[in-house]
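Have a look at the fold below and turn it around a few times before reading on. We'll walk through it piece by piece.

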Amino acid sequence: AQGGGAWSSSSHPCEMSFYTTPSGATSATQRMLISAAGNVGIGTSPDTLFHVSGTGADVISRVECLHSVSSAMIDIVSYAGRDSILRFKEGSTVKARIINDASTDSLVITDGSDAAVLYIEGNQVGIGTVPNKPLDIDADIAGYTLDILNADASGAEGIRMNFSGYAPNNTSKDFISLQDSGGSKGRWYSNGDIYTTSGTDIQSL
């Protein structure tokens, strides 16, 4: 233990350091510090409650469970109504986050510019938007919104749409509905009919 700041008659700050001497050396090196503020640092002087820093390649910390019927787990626990966040940084710049949004009980993943790009809420997934359908995509980009490539030479389907809940040859439920800002532009029904729409007039192809 050692002094952790200036002492006075009303203040006696103290910190605790742990040292080891590596193989091939004769002098000790500080390995862990518990600061006067109660922060714990391994390999560094801590500026947060728990701070780990290393200069070795790749693995700095590891959580390992060797129990034959259990799984390794890390709990991130927040106060009721508050988000839990896993944040990724390069230096001081936030690059991405994985967020449990407490207000919607959803999982949000941000991209390299820290903009939300993926939402998982219940059984719904949103890309670029909060979902209100099983899959909701909102893209504000030039080019294709959705590009599906199947390079398998076996000839498997690129896209299969199966609406088995409806009776076959249904003419009231769309397989595919095409729309723009002016409204409906075309429909494909499960009976195989394809229609184009101009205003309120529907013409069979």
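What follows goes from the whole chain to a pair of hairpins, then to some side chains and a surface patch.

Keep in mind from the start that this is a predicted model. On the broadest level, the protein chain has 15 strands and zero helices. Of its 205 residues, 13% count as buried. The accessible surface comes to about 15,800 Å², and carbon and sulfur atoms account for 52% of that. Now for how far along the sequence the contacts reach: if you take the contacts between residues at least 6 apart in sequence, 0% of them join residues at least 24 apart.

Let's zoom in on the stretch that begins with strand S6, which covers residues 84-90. S6 runs antiparallel to S7 (residues 93-101), and seven bridges join the two. Which residues face each other across this pair? Phenylalanine 88 has alanine 96 in S7 as its bridge partner, and leucine 86 stands opposite isoleucine 98, also in S7. Side chains in a regular strand alternate between the two faces of the sheet. The connection between S6 and S7 is a hairpin with two residues between the strands. One residue of that turn is glycine 91, with a positive phi of about 65 degrees.

S7 then carries on to another partner. It runs antiparallel to S8 (residues 106-110), and here four bridges do the joining. Aspartate 101 has its bridge partner in S8, namely serine 106. S7 and S8 form a hairpin too, with four residues between them. Where does aspartate 105 sit? You'll find it in the loop between S7 and S8. Its phi is near 50 degrees, which is a positive value in a residue other than glycine. Is aspartate 105 buried or exposed? It is exposed, because its relative accessible area is 62%, and the cut-off for that label is over 50%.

Go back to S6 now and pick out serine 84, which is found in that strand. With 13% relative accessibility, serine 84 counts as buried, since the label applies under 20%. What does the side chain of serine 84 pair with? It makes a polar contact of 2.9 Å with the side chain of serine 78. Setting aside neighbours within four places in sequence, serine 84 touches Ile76, Val77 and Ser78, along with Ile98, Ile99 and Asn100. One of these, isoleucine 98, is the residue already seen opposite leucine 86.

There's another buried serine to look at, elsewhere in the chain. Serine 17 lies in strand S2, which spans residues 14-20. It is buried, with a relative accessible area of 16%. Its side chain is joined to that of glutamine 30 by a polar contact of 2.8 Å.

Next, charges. How many salt bridges does a search of the whole structure find? The search finds one. The partners are aspartate 136 and lysine 133, with their closest N and O atoms 3.5 Å apart. The two ends differ in how they are covered: aspartate 136 counts as buried because its relative accessibility is 11%, whereas lysine 133 is partly exposed, at 41%.

Finally, turn to the surface. A nonpolar patch of about 980 Å² is made by Ile127, Leu135, Ile137, Leu146, Ile148, Ile159, Met161, Ile176, Leu178, Trp188 and Ile194. Which strands feed into it? S11 (135-137) and S12 (174-180) each supply at least two of the patch residues. Loop residues take part as well: isoleucine 159 is found in the loop between S11 and S12, and methionine 161 lies in that loop too. Isoleucine 159 counts as exposed, at 57% relative accessibility, while methionine 161, at 40%, counts as partly exposed. To see how two patch members are placed, take isoleucine 159 and isoleucine 148: they are eleven residues apart in sequence, and their C-alpha atoms are 8.3 Å apart in space.

Terms used:
Residues are numbered from 1 along each chain as its sequence is written. This is a predicted model: local features need pLDDT of at least 70, side-chain atom pairs count only at pLDDT 80 or more; totals for chains, interfaces and linings use all residues. Side-chain values use heavy atoms; hydrogens and water are left out. Two strands pair if DSSP finds at least two bridges between them. Buried means under 20% relative accessible area, exposed over 50%, partly exposed in between (1.4 Å probe, protein chains only). Contact means heavy atoms within 4.5 Å. Accessible areas come from the Shrake-Rupley method with a 1.4 Å probe; for residues, only the protein chains shown count as cover. A polar contact is a pair of N or O atoms within 3.5 Å; within protein, one must be able to donate a hydrogen and the other to accept it, and residues adjacent in sequence count only if both atoms are side-chain atoms. Patches are made of residues with over 30% relative accessible area and no salt bridge: like charges are joined within 9 Å, nonpolar side chains (Val, Leu, Ile, Met, Phe, Trp, Tyr) within 5 Å. A salt bridge is a side-chain nitrogen of Lys or Arg within 4 Å of a carboxyl oxygen of Asp or Glu.
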